[in-house]
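Take a walk through this fold, from the overall architecture down to single side chains. Keep the coordinates open as you read.

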Amino acid sequence: EVQLVESGGGLVQPGGSLRLSCVASGFTFSTYVMRWFRQAPGKGLEWVATISTLSSNIKIADSVEGRFTISRDNAKNTLYLQMDALSPEDTAVYYCARARGWTGSEYDYRGQGTQVTVSS
C-alpha cells in the first residue's frame, strides 16, 4: 500500500522558516518523480515544486521561487520542502504527492497534508 506521510507544519511568524518532510512507503521511492502541492483556505490545489528521481532536475512555482527548496533523500525514502521567508500568503495545507511523470502536475497518490500557518 502506497503511503505518504507529511510532517513539520505548524504556526510560524512572517519571515520565519519551516522544513516539511514526507516519508514514503509501499513503493520504490527512488524511482518516482515527487511533487509538493498546497491548498490555501477557500482556494484550489496549487502546485509548488517537483523533483526528479535523482534530484538532478527541479521545478519551482514562481510564487515561491527563491524562498522554497525541494529536496529528497532516497536512502531515507523522504521528500523535503524547506520554506524560508514565509508570508501569510503561504498559509495552506501542504501535500506531498507521487507524480505520474515529469511533465505537468499530475499525481496518483497524495498524503494527508500538514497545516502551515504564517501569522504574527
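What follows starts with the whole chain and then moves to its sheet, its charged pairs and a few individual residues.

This is a predicted model. The protein chain has eleven strands and zero helices. Read from start to end, its pattern is β-β-β-β-β-β-β-β-β-β-β. The radius of gyration is 13 Å, close to the 14 Å that the globule rule gives for 120 residues, so the chain is as compact as a globular protein of that length. Along the principal axes, the C-alpha atoms fill a box of roughly 40 × 25 × 25 Å.

How much of the protein chain is buried? Buried residues account for 42% of the 120. Contacts also reach across the sequence. Count the contacts between residues at least 6 apart, and 55% of them join residues at least 24 apart.

Now turn to a sheet. Four strands form an open sheet in the order β1-β3-β8-β7, and their pairing is antiparallel. Strands β1 (3-7) and β7 stand at the edges, each with a single partner strand, so one side of each has no neighbour in the sheet. From one strand to the next, the twist averages 15°. Look at the pairing of β1 with β3 (residues 18-25). These two strands run antiparallel and are joined by five bridges. One residue to find there is V5, whose bridge partner in β3 is V23.

Next come the charged side chains. Side chains of opposite charge can pair when their charged atoms come close. How many salt bridges does a search of the whole structure find? The search finds four.

Begin with R38 and E46. They form a salt bridge, with the closest N and O atoms 2.7 Å apart. The two ends differ in exposure. R38 is buried, because its relative accessibility is 7%, under the 20% cut-off. E46 is partly exposed at 30%.

R67 and D90 form another salt bridge, and here too the closest N and O atoms are 2.7 Å apart. This pair links distant parts of the chain. R67 sits in the loop between β6 and β7, D90 in the loop between β8 and β9, and 23 residues separate them. D90 is buried, with a relative accessibility of 1%. The two pairs belong together: R38, E46, R67 and D90 are linked in a network of salt bridges.

A further salt bridge joins the side chains of D108 and R98, at 2.8 Å from N to O. D108 lies in strand β10 (residues 107-110) and R98 in strand β9, so the pair ties together parts that are ten residues apart in sequence. Is each partner buried or exposed? D108 is partly exposed, with a relative accessible area of 30%. R98 is buried, with a relative accessible area of 8%.

Stay with R98 and look at its surroundings. Its strand, β9, covers residues 92-99. Leaving out residues up to four places away in sequence, R98 touches V2, L4, F27, Y32, V33, M34, Y107, D108 and Y109.

Strand β9 also holds V93. Which residues does V93 touch, not counting residues up to four places away in sequence? They are F37, R38, Q39, G113, T114 and Q115. Note R38 in that list; R38 is also part of the salt-bridge network. V93 and Q115 are 22 residues apart in sequence, yet their C-alpha atoms are 4.3 Å apart in space.

Finally, check the backbone at two loop positions. Most residues other than glycine have a negative phi. S55 has a positive value, near 65°. S55 lies in the loop between β5 (45-51) and β6 (58-60). Its relative accessible area is 32%, so S55 is partly exposed. N77 also has a positive phi, near 55°. Its place is the loop between β7 (68-73) and β8 (78-83). N77 is partly exposed too, with a relative accessible area of 28%.

Methods. Residues are numbered from 1 along each chain as its sequence is written. This is a predicted model: local features need pLDDT of at least 70, side-chain atom pairs count only at pLDDT 80 or more; totals for chains, interfaces and linings use all residues. Side-chain values use heavy atoms; hydrogens and water are left out. Contact means heavy atoms within 4.5 Å. Buried means under 20% relative accessible area, exposed over 50%, partly exposed in between (1.4 Å probe, protein chains only). Two strands pair if DSSP finds at least two bridges between them. Axes are lines fitted to C-alpha atoms, for helices over the stretch in contact, and angles run from 0 to 180 degrees between N-to-C directions. The radius of gyration is taken over C-alpha atoms; the globule rule is 2.2 Å times the number of residues to the power 0.38.
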